[in-house]
Structure formats: structure tokens, C-alpha cells
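These notebook entries record what I looked up in the structure shown below. I wrote them for a reader who has not met it before.

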Amino acid sequence: MEEKQPKLDAPIPGMSLTHELGARPWQQPPQYPTVEAAVDHYTSRMMNDEFADQLVDVMDMGIPLTTLANTIQLAGVMEGKHTTDVGLLVLPVLIETMMVIGDSAGIEYDTGLEDEPRTNRDSLAKRTVEKLRNEMDKKSVDPEDGMADTLVEEVKMESASEEVEESPQEEPMGLMARRN
Amino acid sequence: METNYAKSMYKLMEQIEIDPVEPKTKKGGLLSSSRNSVNKGMNQELINQPAYRIAKYVNTIRNKRLGFKNNGRETT
């Protein structure tokens, strides 16, 4: 029988109190106390060309906008720019602003607002292969090696094998089974 | 457990009515309903809420975005 070991990676009691109260940025009065001030701060920052370019790259990778907005506002809270409640209220504005940037850049992005399960979403491998294939087509590389074609076919075969065939329903045989 | 706060907040802001119905002018009779004055107070209270202001911002940005998407025609 395996011997029980003490958990040493858990936080020790009082670990959160290792600094004096007020030493952390979020324990200080916020830099932007109102929603309007926080919205102004974020919109002016996001309209910066450098920030917008980086944001477009991240959005193009398929990361949901809700996740990005949450990360941005959480960083703001940690830096003491605004409080948590102001950060939560600002979230929809961040998402909409990112949508504007994505639309103006002409990219397809995932908003993260859809309710249905994303079953038909392409796998990362498939998207990478398609990207690679597009790049190869652009560069008009000699297609004799057929590496991209082989990879695409493999991905297609994998997705086809994942489809489960519906088995015919067996009729119940018990005494209490319903008779037609 | 719900962990996608951004999605919840966005959906919540979509549900807030941007233009609350203006209350009708109060009639002067003794038997007139006092509900209008209550509505007016509630509207004013709603407008002063930060969530309402944010919903208004979001609605404005969305209308502009959809307008750009539809080649300049703004949609509601």
C-alpha cells in the first residue's frame, strides 16, 4: 500500500498575509474609481495601433474574446487601476471594442458568447495543416512531396473514424416490456 | 459552476432596456393614479445606475459596429 505523503505544494496558513495590509496595489484606492474613467482608460489603450495589432494576432489564433476581456480586466485589478466590480461592469465594453477591432481588421474571431457546444470546431492540427497548405499554395512550392495533402487526409480519416454509427435499437424482452 | 463572467455580463447588458418608457403626465384629479410619479422616480434611479450607463455604451458601440459591417447602415 502506498504510504501517504504530506502535501507540500499547498499554501500554508497565513500565506496571503505575508505582506502588510495596503502593500499590494489592489489594496490601495483605485486609480480609476468610476466606470466611465475605466472605460476611457481601456478604449484609449485598445485603440493604440501597437496594441490593436497584437490583439488581432491573438484573436486570429482563435482565443475567445470573453477570455481576453476577462484577462485584461483582471490585470487591471491586480495593478490597482480599478476595483473588481468596476472591472466586471467594464467587460461588455471591452468585448464590443475588441469586436470593432476584429471587424475592422477583417478577421474571423470567436466571441465566446455562443451557448451551443462547439462540436464542429476544427481541431488545432487541422487548422494548422490548412494554414500550412495555404502558405504552400501561395509560395507555389513543388507539391510532389505531398506532405500537406497527406496530413489533411489523415485528419479527415481521423474525424471520420470518430463518428459513431447509430446502432439499431434493441426491442425490450422483459415481462414488463410494452407490446405494440 | 459559472466561470465565464464576461459572457454573463454581456448577456445581462443585452437585456437592459436602453430607452425606458417615459411616464405620462400626471393628471390633477384626486382619484388619479399615483403610479406615474413612482415610475418616474424608478426611471431616474435606473438611469443613474452604472450598469445602465455601460449598457448604453455597449449599445452605441454595437450599433456603430453593425453599421460599419452593413456598409454604413445602422441597425438596432
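**Entry 1: the nonpolar core.** Before looking inside, I noted the term: a nonpolar core is a set of buried Ala, Val, Leu, Ile, Met, Phe, Trp, Tyr and Cys residues that are joined through side-chain atoms within 4.5 Å. I also kept in mind that I was reading a predicted model. In soluble globular proteins, nonpolar side chains tend to be buried together. I then asked which residues have the most contacts inside the largest nonpolar core. I found them to be L55(A), L65(A), V90(A) and I54(B), in a core of 37 residues. I next looked up the helices that each supply at least two residues of this core. From chain A they are helix 1 (35-46), helix 2, helix 3 and helix 4 (84-105), and from chain B they are helix 1 (5-15) and helix 3 (50-69). Helix 4 of chain A gives the most, namely ten residues.

**Entry 2: the two chains.** I turned to the secondary structure of each chain. Chain A has six helices and zero strands, and I read its pattern along the sequence as α-α-α-α-α-α. Chain A counts 180 residues, and 29% of them are buried. For chain B, I noted three helices and zero strands, in the order α-α-α along the sequence. Chain B has 76 residues, of which 21% count as buried.

**Entry 3: salt bridges between the chains.** How many salt bridges does the structure hold over all chains? I found six. I looked up E96(A) and found that this residue forms a salt bridge with R62(B), with 3.6 Å between the closest N and O atoms. The pair crosses between chains, since E96(A) is in helix 4 of chain A and R62(B) is in helix 3 of chain B. I noted that E96(A) and R62(B) are both buried.

I then followed E96(A) to a salt bridge with R65(B), at 3.1 Å from N to O. This pair, too, crosses between chains, from R65(B) in helix 3 of chain B to E96(A) in helix 4 of chain A. Are these two residues buried or exposed? R65(B) counts as buried because its relative accessibility is 9%, and buried means under 20%. E96(A) is likewise buried, as its relative accessible area is 0%.

I also found that R65(B) meets D103(A) in a salt bridge, at 3.4 Å from N to O. D103(A) lies in helix 4 of chain A and R65(B) in helix 3 of chain B, so this pair joins two chains. With a relative accessibility of 23%, D103(A) counts as partly exposed. I closed the search by asking which residues are joined into one network by salt bridges that share partners. They are E96(A), D103(A), E14(B), R62(B) and R65(B).

**Entry 4: patches on the surface.** I went on to the outside of the structure. I found a patch of negative charge where D49(A), E50(A), D53(A), D57(A) and D60(A) gather on the surface. I checked E50(A) in particular and placed this residue in helix 2 of chain A, which covers residues 49-60. Why does E50(A) count as exposed? Its relative accessibility is 55%, and exposed means over 50%.

I also recorded a nonpolar patch on the surface, about 340 Å² in area, which is made by W26(A), L74(A) and M78(A). Of these residues, I looked up the place of M78(A), which lies in helix 3 of chain A, residues 65-78.

**Entry 5: a contact far apart in sequence.** Last, I looked up E79(A), which lies in the loop between helix 3 and helix 4 of chain A. The relative accessible area of E79(A) is 48%, so I entered this residue as partly exposed. How many residues separate E79(A) and P25(A) in sequence? I found them to be 54 residues apart in sequence, while their C-alpha atoms are 5.6 Å apart in space.

Conventions: Residues are numbered from 1 along each chain as its sequence is written. Chains are lettered from A and ligands numbered from 1 in the order in which they are written. This is a predicted model: local features need pLDDT of at least 70, side-chain atom pairs count only at pLDDT 80 or more; totals for chains, interfaces and linings use all residues. Side-chain values use heavy atoms; hydrogens and water are left out. Patches are made of residues with over 30% relative accessible area and no salt bridge: like charges are joined within 9 Å, nonpolar side chains (Val, Leu, Ile, Met, Phe, Trp, Tyr) within 5 Å. Accessible areas come from the Shrake-Rupley method with a 1.4 Å probe; for residues, only the protein chains shown count as cover. A salt bridge is a side-chain nitrogen of Lys or Arg within 4 Å of a carboxyl oxygen of Asp or Glu. Lys and Arg count as positive and Asp and Glu as negative; His and the chain ends are not counted. The place of a charge is taken as NZ of Lys, CZ of Arg, CG of Asp or CD of Glu. Helices (H or I, at least four residues) and strands (E, at least two) are DSSP runs, numbered from the N terminus. Buried means under 20% relative accessible area, exposed over 50%, partly exposed in between (1.4 Å probe, protein chains only).
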